[in-house]
Amino acid sequence: MAANYWASTQRRHWLFTKEILADIRESFRERDKAAHSQFPLPDQRLLNIYFSQQLIKLGKRMSTRQQALATAQVYIKRFYTKNEIRHTNPYLVVTTAFYLACKMEECPQHIRVVVAEARNFWPEFIAPDVSKLGECEFALISEMNSQLIVHHPYRTLSELQPELSLTSDEIALAWSVINDHYLTDLPLLYPPHVIAVMAIIVAVVFKPSQTSFHGTAAPLAGAMRDGGMNILAALGDKNGTGPPPRIQKLVGWLAESEVDIRAVIECTQELVSLYEIWENYSEKHCKELIGRMIKSKNLDK
Amino acid sequence: MSLTNPPSSSGPVTAASSRPTAATVSQSLSLKKNLQVAVDEHIDSRKSSGTGYTSKVRVRDKYHIVGFISSGTYGRVYKALGKNGQKGEFAIKKFKPDKEGEIIQYTGLSQSAIREMALCSELNHANVVQLEEIILEDKCIFMVFEYTEHDLLQIIHHHTQPHRHVIPAPMVRSILFQLLNGLLYLHTNWVLHRDLKPANILVTSSGAIRIGDLGLARLFYKPLNSLFSGDKVVVTIWYRAPELLMGSRHYTPAVDLWAVGCIFAELLSLRPIFKGEEAKMDSKKTVPFQRNQMMKIIEIMGLPTKDTWPGIVSMPEYTQLQSLAMSRAPGHFVRTSNLEGWYQSCLKNGGYSTSSSAGTPGADGYDLLSRLLEYDPTKRITAQEALEHPYFKNGGPISANCFEGFEGKYPHRRVTQDDNDIRSGSLPGTKRSGLPDDSLMGRASKRLKE
């Protein structure tokens, strides 16, 4: 339940395997081949980057906390495991997910404020009438079976901070790695503590420089690639010359813990490939494709 | 889910007629709209797929509505039977939509509805009300719960009719144990209930206690904002903990334990122990000091001091409390608690004793009560500690059926036929025009009008 991830609806109903996710998406394509060929969309992760940037814009105006934005991103992901994106107005879905997440995270915003702010950014896609958002809220809640409580890795991160004596730099870095994981399918694939451990490893082991981290993630991707699976090697070779003590401590803790190391490594790889594909990201391109899709299908009506 | 009748209803529980309710800030909001536009858009929305909404499940296809149970500011509760082979009785809580004239609009769900839906979907415990499913249909939310035949308010009331006769001590003990057990589950899951009172404590026909109505409940793990900033007023006045009355910005699960203490006392005496009068919010929506309620508490518990409750000096309403003390003749308020006197006369008046058929909660009962009604929230007993208290440890096993060994029969929940149409269900006074957005007045002002 709320404190217990293991009994949560997130674990019971919203954890997928890669194969199942792929099947779901394939079945969307099968069902509406015409739409798929007529309206090609960028890679899911690039779309996620775009959505996340829109959410951040929206959130900034209302000084929303990161956790609410993270919840909104998870809602969007869950919704699109049930609905073909080409049948929706993504701007409305993003705005509604934001509105609902703010309520769930106890930092509510008035529906009229949310609609007004959204119209500032996307006047052509968001109707002035709040009932559209209200209706979409019903769709969102219904598709999620009213399972609205989301467990985030941020909590594990702050719980592990004292235990692993993480520095504030490491925490900040791990925090932004967690922010980035919402741009991938990882929140639908792994439990939050696995993500948190992955983020800590990335922060402690690869330690890309803070300044170059934000914006372009290329250095981190590079570092992670080059660093390879050092951590794996270290795990197998605890007596060897091995890595510096700082990392050894982490490796020791990992070996003792019951965290699924393989899952952690898969997450790391997922993140590396996110940073690689990020280099191809073009906001303009996403905007154009989505805009064209909405306009020609009248999805904004 | 309050299955008993709030003041406005035509229901049978007269004891409820003067009972206050907790106010909530999160009221859903009405909006001004051009009716014609609304109609057009409603038709439009049916055309588009995806984010346009039509329910896949319909309430009336799955449930047969037997009758109406109660209504409140949130909406109405109906009794229903499962259809198509689905066995059992259900209580369906319908959240009313906002209305603008005759047109029902999507105006965004209230925070209270969102909390209750989300929490009930996660919670699973023998002493917490069991959610069957949630149906979103025709701009309304239908939360389908298991049906419970009784609640503590109704049981307490029954014991005052036609003359007062106490609730047997073993039954009180079982009720309290189950209540604390459910509360421990909520608290270990970082859920504060914030509206515990007899009407919200449901009892099944087999004597199981279920904590109901999570409309004010919320998670309190590392809140993004202070709890106070979310909801200015929580907990129905008679059950409101002193730290809340003193204006505390941050509060803890201890607020729920105070309410349990009040409920314990009420089970024994069949009357609310601190039956104060609620001071109304003024037009500026500032939260007033609940002077009368505080006085009711002080009359029994004595005046809190910085020795007994060090944190009190930093409470926002501390000066109000001092002026309250000054307003009376010296010695009017004693500093020491008179709870023991209250307890002993309660046992005596009710006829609780080792030789009586009702039995007695005894000295252990008093000790537990005094720890629940501890002024200082940091010293107040927790749900976990309470469950390990001698009151429960001593005196033999506790039945999971609170009615075990009880000869009497409680009346069934009254179900009326005046409104069986769960879909229309337009009740007088639903229109909330004239109330400010995010109104603190919410339930409180509505009650006043009624």
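In the predicted model, the lining of the second largest pocket comprises, by class, 12 nonpolar, six polar and 11 charged residues. This pocket encloses about 610 Å³ of space. Its lining is made up of 29 residues, and those nearest the centre are A:Arg25, A:Pro42, A:Asp43, A:Gln44 and A:Asp185. Two or more lining residues are contributed by each of α2 (18-31), α4 (44-61), α5 and α11 (186-189) of chain A. The most comes from α2(A), which supplies six residues. Because domain 1 (5-150 + 282-297) and domain 2 (154-278) of chain A both contribute to the lining, the second largest pocket lies between these domains.

Helix α2 of chain A also holds A:Lys18. The relative accessible area of A:Lys18 is 41%, so this residue is classed as partly exposed, the class that falls between the limits of 20% and 50%. When residues up to four places away in sequence are not counted, A:Lys18 touches A:Leu189 and A:Glu270. A:Asp185, one of the residues nearest the centre of the second largest pocket, is 167 residues from A:Lys18 in sequence, while the C-alpha atoms of the two are 8.5 Å apart in space.

The largest pocket has a volume of about 830 Å³. Among its 31 lining residues, A:Gln67, A:Val150, A:His152, A:Arg155 and B:Tyr221 are the closest to the centre. The elements that provide two or more residues to this lining are α5 (66-79), α9 (153-163) and α12 (192-206) of chain A, together with β12 (218-219) of chain B. The largest share, five residues, is given by α9(A). By class, the lining of the largest pocket consists of 16 nonpolar, eight polar and seven charged residues.

A:Phe138 lies in helix α8 (residues 130-143) of chain A. With a relative accessibility of 3%, A:Phe138 counts as buried, since the limit for that class is under 20%. Apart from neighbours within four places in sequence, the contacts of A:Phe138 are with B:Tyr53, B:Tyr106, B:Leu109, B:Leu136, B:Glu137, B:Lys139, B:Cys140 and B:Ile141. Within chain A, A:Phe138 and A:Tyr275 are 137 residues apart along the chain, and their C-alpha atoms are separated by 35 Å.

Chain B contains 15 helices and 12 strands. Of its 450 residues, 59% count as buried. The exposed area of chain B is about 18,100 Å², of which carbon and sulfur atoms supply 52%. Where contacts in chain B join residues at least 6 apart in sequence, 73% of these contacts are between residues at least 24 apart.

Chain B is divided into domain 1 (59-147) and domain 2 (150-394). A distance of 29 Å separates the C-alpha centres of domain 1 of chain B and domain 2 of chain B. Contacts between these domains of chain B involve 15 residues of domain 1 and 21 residues of domain 2.

Note on methods:
Residues numbered from 1 in each chain as written. Chains lettered and ligands numbered in written order. Predicted model: local features only at pLDDT ≥ 70, side-chain atom pairs only at ≥ 80, totals over all residues. Heavy atoms only, no water. 1 Å grid on protein atoms, 1.4 Å probe; cavity = no way out; pocket = protein on both sides within 12 Å on 5 of 7 lines; lining within 4 Å. Points joined across faces, edges and corners; volume = space filled by probe spheres on them. Helix = DSSP H or I, 4+ residues; strand = E, 2+ residues; numbered from the N terminus. Nonpolar A, V, L, I, M, F, W, Y, C, P; charged D, E, K, R; others polar. Domains from an automatic or database assignment. Buried < 20%, exposed > 50% of the residue type's maximum accessible area, 1.4 Å probe, protein only. Contact = heavy atoms within 4.5 Å. Areas by Shrake-Rupley, 256 points an atom, 1.4 Å probe, with all protein chains shown as cover.
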